[in-house]
Amino acid sequence: MGTPQRLETEVPCRDGLPRSSNEASVMGVERRGQVIQYHNINQLQRRMNLWNETKSVQVSRSMIWEAYKRVRSNQGSAGVDQISMDEFDANRSKYLYKLWNRMASGSYFLPPVKEVEIPKKDGKLRKLGIPTISDRVAQMVVKDYLEPRFEKVFSPHSYGYRPNKNAHQALESVRVNCRKTDWVIDLDIKGYFDNIDHGKLLLAIEKHVS
C-alpha cells in the first residue's frame, strides 16, 4: 500500500462558486490548496467506488448556479435565518459554495421552515412554510432533476404546478370536455401536504428515479 503524498497546487474554482475557508472539501477534510496523490491504483479505485456507491446523483456547481438564478428571479422573503435576498447576494459565493459542498457530499440537511399564516377567502387561515433562501436553491436543484423524469409519466390532463401548463389551458380543456359529458367531479384533499404518506411517496419516486 502506497502512502499518499501531498502536492501544493493552486486550482482556481469555476462556475462562480469559490471555496469557502470554513467549509471542508467534498472529497474529505483536506487543507486548502492541497491535493492527495495515490501511488496505489487499487487504493484510489476503492475510494472512487465508495464515492460512487454513496452518491446516486452528481451535483455540479452549474446545477447550483442555475437553481440560484431561478430562485433569485422569484424573490421571496427570508426564512428562519432572517437572511434576505439582498443579504444572500452580498455573500453569494460563500452561501452557494457551502450549499454545493454539502449537497455534492451527501451531507446536506434542510434547516427548519418558517411557518406563517395567511387568510383564506372563507375567513380561515392557511399555514404557509417559508424555507431559507439556501434551502429554496437546494429544492430547486432537486426539482430541476426530478421534473423532466416525472413529466414523462404524468397525465396530459394534469395542469397543476407543471412546466408549460397553466390555468388557462385547464379552462380550455373544461370547455372542450363540457361538450362531451354533462357531469363534473370536484374534490379536494384537506391538508394533503401535511398528511401524505411519505413512505408511499418515496416508493413512487423510487419507481422512476434510481
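Here are legends for a handful of close-up views of this predicted model.

**View 1. A nonpolar patch on the surface, built from W183, I185 and L187.** Together these three residues make a patch of about 410 Å². Take L187 as one of its members: this leucine sits in the loop that runs between α6 (167-178) and α7 (192-195). L187 has 65% relative accessibility, so it counts as exposed, the cut-off being over 50%.

**View 2. T132, tucked into the loop between β4 (125-130) and α5 (133-151).** Buried or exposed, then, for T132? With just 4% relative accessibility, T132 counts as buried, because the limit is under 20%. Its side chain reaches the backbone nitrogen of D135, at 3.2 Å. Leaving aside residues up to four places away in sequence, T132 also touches G79, V80, D81 and P111.

**View 3. Y192 and F193, an aromatic pair.** The structure holds six aromatic pairs. In the one shown here, the ring centres of Y192 and F193 are 5.2 Å apart and the planes stand at 80 degrees, so this pair is edge-to-face. The cut-off for that label is over 60 degrees. How exposed is each partner? Y192 is partly exposed, at a relative accessible area of 37%, whereas F193 is exposed, at 71%.

**View 4. An aromatic cluster of W65, Y68, F88 and Y95.** Look for one tryptophan, one phenylalanine and two tyrosines here: W65, F88, Y68 and Y95 form one cluster.

**View 5. Q82, a residue with positive phi.** Most residues other than glycine have a negative phi, so a positive one is worth a close-up. For Q82, phi is near 65 degrees. Where does Q82 sit? Its place is the loop between α2 (61-74) and α3 (85-90). Q82 counts as exposed, with 53% relative accessibility.

**View 6. N164, with a positive phi in the loop between α5 and α6.** Here again we have a residue other than glycine, and phi of N164 is near 65 degrees. N164 has a relative accessibility of 76%, so it counts as exposed.

Technical notes:
Residues numbered from 1 in each chain as written. Predicted model: local features only at pLDDT ≥ 70, side-chain atom pairs only at ≥ 80, totals over all residues. Heavy atoms only, no water. Patch = residues over 30% accessible without salt bridge, like charges linked within 9 Å, V, L, I, M, F, W, Y side chains within 5 Å. Areas by Shrake-Rupley, 256 points an atom, 1.4 Å probe, with all protein chains shown as cover. Salt bridge = Lys/Arg side-chain N within 4 Å of Asp/Glu carboxyl O. Helix = DSSP H or I, 4+ residues; strand = E, 2+ residues; numbered from the N terminus. Buried < 20%, exposed > 50% of the residue type's maximum accessible area, 1.4 Å probe, protein only. Polar contact = N/O pair within 3.5 Å; in protein donor to acceptor, adjacent residues only side chain to side chain. Contact = heavy atoms within 4.5 Å. Phe/Tyr/Trp six-rings, centres within 6.5 Å; stacked < 30°, edge-to-face > 60°.
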